[in-house]
Amino acid sequence: MKLIRHLLFVALCLGGILSFAQDKPRVFVFTDVNINSGDPDDRQSLVHLFWYADELNIEGIVPDRWEAQGYEACGLAVDAYEKDYSILRESDRGYPSPQRIREKIAKDWPMAQQLFQAAASDTTAPLYVLIWGNMERFRDALLMDPSVADNLRVITIATGVMLESSIPHLPESWGKSPPCEQMNWNAFGRN
């Protein structure tokens with residue numbers, strides 16, 4: 001009887017550990033991080049993401065400004081992460097290896113589409129899509145298979161276009177552009 005109780009206890013503990021590992025939120029990032037120009041906060045956001053990589057399942061990172069060395073900017077952040085990872089033995093704490101993170105960074109648009117479709121098609125848990133820049137790449141990826149939309153939870157800093165013009169209580173002076181066609185603060189006319 002004592003052996004059965006001990007085995008039951010071990011099974012419950014193991015089940016809790018496995019359940020915890022599966023409960024990590026799944027995230028997918030679209031970012032306009034780059035080296036040539038852009039805001040430093042994009043690079044800071046990427047480093048901050050890696051600080052919490054033990055609490056998340058990073059499914060993909062799309063640096064959509066490849067022409068401005070977006071992929072290379074992600075590489076610099078992973079290089080910094082790798083230094084901490086090797087010094088602090090972060091693998092013992094549940095952090096993904098630097099190699100695993102590198103495999104999740106899209107080198108080009110076809111790879112971005114592939115990573116997104118794989119992550120968005122997995123319906124075992126919601127996919128949190130973090131958009132740190134223009135929403136056009138996310139739109140394009142979603143239009144490839146709109147049926148995945150129900151499993152997505154989109155979190156954005158609202159760049160590119162805004163929806164306000166379709167909300168009835170806004171002042172007329174804000175314009176009468178159709179929904180999602182009025183540019184917001186981070187688009188035309190920002191500077």
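In this predicted model, the buried residues of helix H3 pack against three elements: helix H2 (40-51), strand S2 (57-63) and helix H4 (98-103). The residues of H3 that are buried are Gly70, Ala73, Cys74, Ala77, Val78, Tyr81 and Tyr85. Viewed down the helix axis, the buried residues of H3 fall within an arc of 135°, so they line one face of the helix. The spacing fits a general rule: an α-helix has 3.6 residues a turn, so residues three or four places apart point the same way. On the other side of H3 lie Leu76, Lys83, Ser86 and Ile87, which are exposed.

As for its dimensions, H3 covers residues 70-88, a run of 19 residues. From the first C-alpha to the last, H3 reaches 27 Å, close to the 27 Å expected at 1.5 Å a residue. Just after the helix comes Arg89, whose phi is positive, at about 50°.

Attention now turns to a loop. Val148 sits between helix H6 (136-144) and strand S4 (152-156). Despite this loop setting, Val148 has a relative accessible area of 6%, and it therefore counts as buried, the cut-off being under 20%. Leaving aside residues up to four places away in sequence, Val148 touches Ala120, Ser121 and Leu142. Gln117 offers a further reference point: Val148 and Gln117 are 31 residues apart in sequence, while their C-alpha atoms are 8.4 Å apart in space.

Definitions and conventions
Residues numbered from 1 in each chain as written. Predicted model: local features only at pLDDT ≥ 70, side-chain atom pairs only at ≥ 80, totals over all residues. Heavy atoms only, no water. Helix = DSSP H or I, 4+ residues; strand = E, 2+ residues; numbered from the N terminus. Expected span 1.5 Å × (residues − 1). Buried < 20%, exposed > 50% of the residue type's maximum accessible area, 1.4 Å probe, protein only. Arc of directions from axis to C-beta. Contact = heavy atoms within 4.5 Å.
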